[in-house]
Every structure is written in structure tokens, then in C-alpha cells.
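Colleague: I am new to this structure and would like to learn how to read it. Could you walk me through it, one feature at a time?

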Amino acid sequence: MMSKPTIQFKDETKRLDRAVDVSVKNSLTRVGGAIRDEAKDSIRRRPGVSRPGEPPHSHLGTLQALIASAYDAQHSQVVVGPGLLTSRPARSRLLSRSTVPETLEFGGVVEIQNTSGSVRVKEIQPRPFMGPAFRAVMRSGKLQRYWQRV
């Protein structure tokens, strides 16, 4: 008499989910790094002020040093941009709740106090660096290349 063959199924769902999670994390981390690098590279060390619509010039490298990217596992997303830079030169202050990087990216109004103590209000035109960096990475095809592995 022949015995019946037995078939066993092993549930690999958790293992597959973990592999996909790792792959997604790796792809998002690479995309975030590409956007971060593009933004940092767009900010040039030059004297003076950049023209409105162009990335800001760097005098000390502070803004470039603050630009980072991090993977948020809880939301399965990557966050890219400058850390909070709320300190300002002693003789100026923002007239909105924006941070310095936000004011550079989108524009805003600041109060500037000169050495004699008089104060004037100055509108800062946008000098975007994060939005253009994101768009440059999207146009470059890097996003598609990084996601091919998922």
C-alpha cells in the first residue's frame, strides 16, 4: 500500500515583509541622500548675497552643515532638509515664525538693526535650495534607479 504524500506550507509572510521593509528603507535612504547632496552642492561659498531665485550663498558653511536626511521608520518615509536654525545674527530678527532656512527657501520679512541702533524692515526674496534639489534628483532618474531594487 502506498502512503499519501504530505504537503507542508511554511508561512514566509513575516520574512517577506522584513525584506521589503529593508529594501524600502535602503531606497528611501539613497533618495534622501541624493537630495541632501544636491541641496548642499547648490549652496556655493561666495561673498555677498545671491540673486533672488538662486540658492543662497554660504559665508561660513553653517546652512550646508545643517542639511541632513533621515529615514522615519514609523511613517516609512525619508525627511530631508536643514535642521532648525533659529538663531540669527544679533542685529536682525525674523518678523514671522519662520526659521532662517524657511525664510531663505520661501522668502520673508526681517528686522535689521544697524550699529547705531536704528531698525529697518527688509523683505527677503526667496532663495530656494531644497525644492530645486528635489526636482533635480527627480529629473536625474536616480529615484527610478533606486526603486528598481524594491
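Modeller: Gladly! One term first: helices (at least four residues) and strands (at least two) are DSSP runs, numbered from the N terminus. With that in hand, Pro47 can be placed in the loop between H1 and helix H2 (62–66). Please keep in mind that this is a predicted model.

Colleague: Thanks. How many helices and strands does the protein chain have, and in what order do the elements run?

Modeller: The protein chain has five helices and five strands. Starting at the N terminus, the order is α-α-β-β-β-α-β-β-α-α. Of the contacts with a separation of 6 or more, 45% link residues 24 or more positions apart.

Colleague: Let's go back to that loop. Is Pro47 buried or exposed?

Modeller: Residues count as exposed when their relative accessible area is over 50%. Pro47 has 73%, so it is exposed. Beyond its neighbours within four places in sequence, Pro47 is in contact with His57 and His59. Pro47 and His59 are twelve residues apart in sequence, while their C-alpha atoms are 6.4 Å apart in space.

Colleague: Now the helix before that loop. What span should the 30 residues of H1 have?

Modeller: At 1.5 Å a residue, H1 should span 44 Å, and its end C-alpha atoms are 43 Å apart, so the two values agree.

Colleague: And which residues of H1 are buried?

Modeller: Here is a general idea that helps: an α-helix has 3.6 residues a turn, so residues three or four places apart point the same way. In H1 the buried residues include Val24, Ser27, Leu28, Val31 and Ile35. Among the elements that cover the buried residues of H1 are S1, S2, H4 and H5.

Colleague: Which residues have the most contacts inside the largest nonpolar core?

Modeller: In soluble globular proteins, nonpolar side chains tend to be buried together. In this model the largest nonpolar core has 14 residues, and Ile35, Ile67, Phe129 and Met130 have the most contacts inside it. Helix H1 (13–42), helix H4 (130–140) and helix H5 (142–147) each supply at least two residues of this core. The largest share, four residues, comes from H1. Take Ile35 as an example: leaving out residues up to four places away in sequence, Ile35 touches Val80, Met130, Ala133, Phe134 and Val137. Across the whole protein chain, buried residues make up 27% of the 150 residues.

Colleague: What about the strands? In which sense do S1 and S2 pair, parallel or antiparallel?

Modeller: In a regular strand the side chains alternate between the two faces of the sheet. Strand S1 (residues 67–72) and strand S2 (residues 77–82) pair in the antiparallel sense, over six bridges. Within this pair, Ser69 stands opposite Val80 in S2. The hairpin of S1 and S2 has four residues between the strands, and Ser76 takes a positive phi near 50° there.

Colleague: Last topic, charges. How many salt bridges are there?

Modeller: Side chains of opposite charge can pair when their charged atoms come close. The count here comes to two salt bridges. In one, the side chains of Asp37 and Arg36 meet at 3.1 Å, N to O. Asp37 counts as partly exposed, at 35% relative accessibility, and Arg36 counts as partly exposed at 25%. Glu54 forms a salt bridge with Arg51, with the closest N and O atoms 3.2 Å apart. Glu54 is partly exposed at 30%, whereas Arg51 is exposed at 58%.

Technical notes: Residues are numbered from 1 along each chain as its sequence is written. This is a predicted model: local features need pLDDT of at least 70, side-chain atom pairs count only at pLDDT 80 or more; totals for chains, interfaces and linings use all residues. Side-chain values use heavy atoms; hydrogens and water are left out. A nonpolar core is a set of buried Ala, Val, Leu, Ile, Met, Phe, Trp, Tyr and Cys residues joined through side-chain atoms within 4.5 Å. Buried means under 20% relative accessible area, exposed over 50%, partly exposed in between (1.4 Å probe, protein chains only). Contact means heavy atoms within 4.5 Å. Two strands pair if DSSP finds at least two bridges between them. A salt bridge is a side-chain nitrogen of Lys or Arg within 4 Å of a carboxyl oxygen of Asp or Glu. The expected span of a helix is 1.5 Å times one less than its number of residues.
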